[in-house]
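Okay, everybody, thanks for coming. Let me put the structure up and then walk you through a few parts of it.

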Amino acid sequence: MKYGIPRGTKDILPAEAKLWQLVEQACREIFALYDYSEIRTPIFEFTDLFTRSIGSGTDIVKKEMYTFADRKGRSLTLRPEATAAVVRAGIENNLISIESLAKLYYLGPMFRYERPQAGRQRQFHQAGVEVFGSADPRLDAEVIELSVRLFEKVGLKDLVVNLNSVGCPKCQPEFRGAIKKHFAQHISDMCQDCRDRLEQNPMRILDCKEAHCQKYLEKAPASLDYLCPECKNHFDQVVGWLGNLGIKYQVNDRLVRGLDYYTKTAFEVIARQLGAQNAVCGGGRYDNLVAELGGKATPAIGFAIGLERVISLITDHQLPITNEGNIKLFIATLGEAATKQGFALLSQARALGISADMDFLGKSLKAQLKNADRLKAAFVYVMGDEEVKKGSAGLKNMATGEQSEVEFSQLITRLK
Ligand code: ATP
Ligand code: MG
């Protein structure tokens, strides 16, 4: 019997995991630089949380959720995204209020039952931020800047920020009416999803990826033309602040996001090299979600980055982020006494923070040295029975080839 991996999931093997660690580290560093703190929420939540926040007419809720009943018959769902869970946790733990700003970030796996293809998996990973407590358009600009700086930090170039405003409950009804009127003329020639959306959630039609529907999307009314004075003013200010920060962007009045909770600012960061699945980051403002989920009305904004897509850009283009060297010390031994002594030194080295390893396969000295090379050990310490008697052995600096005699008791201090 052989077991295979479930469709749409991937093993991240050690060589690639190293790259993941570097990207995750870059995320953590830049989030900290912008004063965000980490929050970790469960992998599953009550299903209602997602239905309510993401919206029952969205693709995610309609066909992409991994939903199951637990042993007591409660409906649970593997998180398809993290914003709803962060809002839930924020309300439950009193992290969210209008008097102070809460800046949170997360990093971890998400689950969506989608058709697997390049850049699209069923278990994938996101890093994202959420800010609660301010409607200031400076924050919209800052959050967009943060995503751009993060991509720069990991060495990604040629990214384009797409910017739009999807309005608010005050201006959306009129826009929705205009959209409905426009698509009603063409709907008989459009896909089944679009037909369903026309009644349930006409703005969603703009997010249709079906090739055949695209020609009707092009001529559709733009939300920017329907913004109320407040939303218009907000959008103009975001644009102004982005200009001040020197962040390049393109206004894309077709951009609506795949979740219902967005208000005002919506944005995506696009990497053209990625082909069809080319969005590496999606986000926007969601000023009504906290109240919608039972908290006090609190404005908020956030984004999520698709880490698989970031990683694939880095590996495809061999960008500057590279694997660093591995262990610092390899202890090569010959004979039982040396192995015993080496094993003790190995433990001491690790206890004092020096990454180290030795042979566990009974390999010849020559094979051990070869392995030390493969592991990119910075130093190799070679000992046999004679060295054990002397209490010292040769320490070789692998970069310079230099070798010196070092007493066992001095080994750790020398390496430090
Ligand atoms: P898309 O239009 O590509 O489906 P989305 O609007 O569903 O994206 P969001 O929910 O905004 O995506 O998620 C933010 C980011 O997470 C996306 O820009 C993308 O990089 C990544 N992402 C979303 N779904 C997947 C998936 N199934 N596999 C890998 N990455 C994904
Ligand atoms: Mg999607």
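Quick bit of vocabulary before we start: when I say two strands pair, I mean DSSP finds at least two bridges between them. And keep in mind that what you're looking at is a predicted model.

So, with that in hand, E2 and strand E4, residues 75–78, pair antiparallel over 3 bridges. One spot to look at there is Phe 44, which sits opposite Leu 78 in E4. Zooming out a little, that pair belongs to an open sheet of 3 strands, ordered E2-E4-E3, with antiparallel pairing. The edges are E2 (44–46) and E3 (67–69), each of them pairing on one side only. On average, neighbouring strands in this sheet are turned by 35° against each other, ignoring direction. Then there's helix H2, residues 47–54, which lies across E2, E3 and E4 and runs at about 80° to E2.

Okay, next stop: strand E6, residues 123–132. How many of its 10 residues are buried? It's 9, so to speak mostly covered. On E6 you've got antiparallel pairing with strand E5 (residues 102–111) over 10 bridges, and also with strand E11 (residues 300–306), antiparallel again, over 7 bridges. If you want landmarks, Leu 104 has Glu 130 in E6 as its bridge partner, and Gly 128 is partnered with Ala 304 in E11.

Now, the annotation. The unreviewed UniProt entry has a "binding site" covering Glu 81, Ala 82, Thr 83, Arg 112, Gln 126, Glu 130, Arg 257, Tyr 261 and Tyr 262. Of these, Arg 257, Tyr 261 and Tyr 262 are included in the lining of the second largest pocket.

Let me pick out two of the annotated residues. Thr 83 is in helix H4, residues 83–92. Is Thr 83 buried or exposed? The cut-off for buried is under 20% relative accessible area, and Thr 83 comes in at 6%, so it counts as buried. Leaving out neighbours within four places in sequence, Thr 83 is in contact with Glu 130, Tyr 261, Tyr 286 and Leu 289.

Glu 130 is the other one, over in strand E6. Its relative accessible area is 0%, so Glu 130 is buried too. Not counting residues up to four places away in sequence, Glu 130 touches, among others, Tyr 36, Thr 83, Val 86, Tyr 286 and Ile 301.

Last thing, the overall layout. The chain is divided into domain 1 (14–171 + 227–316) and domain 2 (329–415), and their C-alpha centres lie 48 Å apart.

Definitions and conventions:
Residues are numbered from 1 along each chain as its sequence is written. Chains are lettered from A and ligands numbered from 1 in the order in which they are written. This is a predicted model: local features need pLDDT of at least 70, side-chain atom pairs count only at pLDDT 80 or more; totals for chains, interfaces and linings use all residues. Side-chain values use heavy atoms; hydrogens and water are left out. Helices (H or I, at least four residues) and strands (E, at least two) are DSSP runs, numbered from the N terminus. Axes are lines fitted to C-alpha atoms, for helices over the stretch in contact, and angles run from 0 to 180 degrees between N-to-C directions. Contact means heavy atoms within 4.5 Å. Buried means under 20% relative accessible area, exposed over 50%, partly exposed in between (1.4 Å probe, protein chains only). Domain bounds come from an automatic or database domain assignment. UniProt positions are given in the numbering used here, feature names are shortened, and annotations may be inferred rather than shown by experiment. On a 1 Å grid over the protein atoms alone, a cavity is a set of points where a 1.4 Å probe fits but cannot get out, and a pocket is an open set with protein on both sides within 12 Å along at least five of seven lines; lining residues have an atom within 4 Å of a point.
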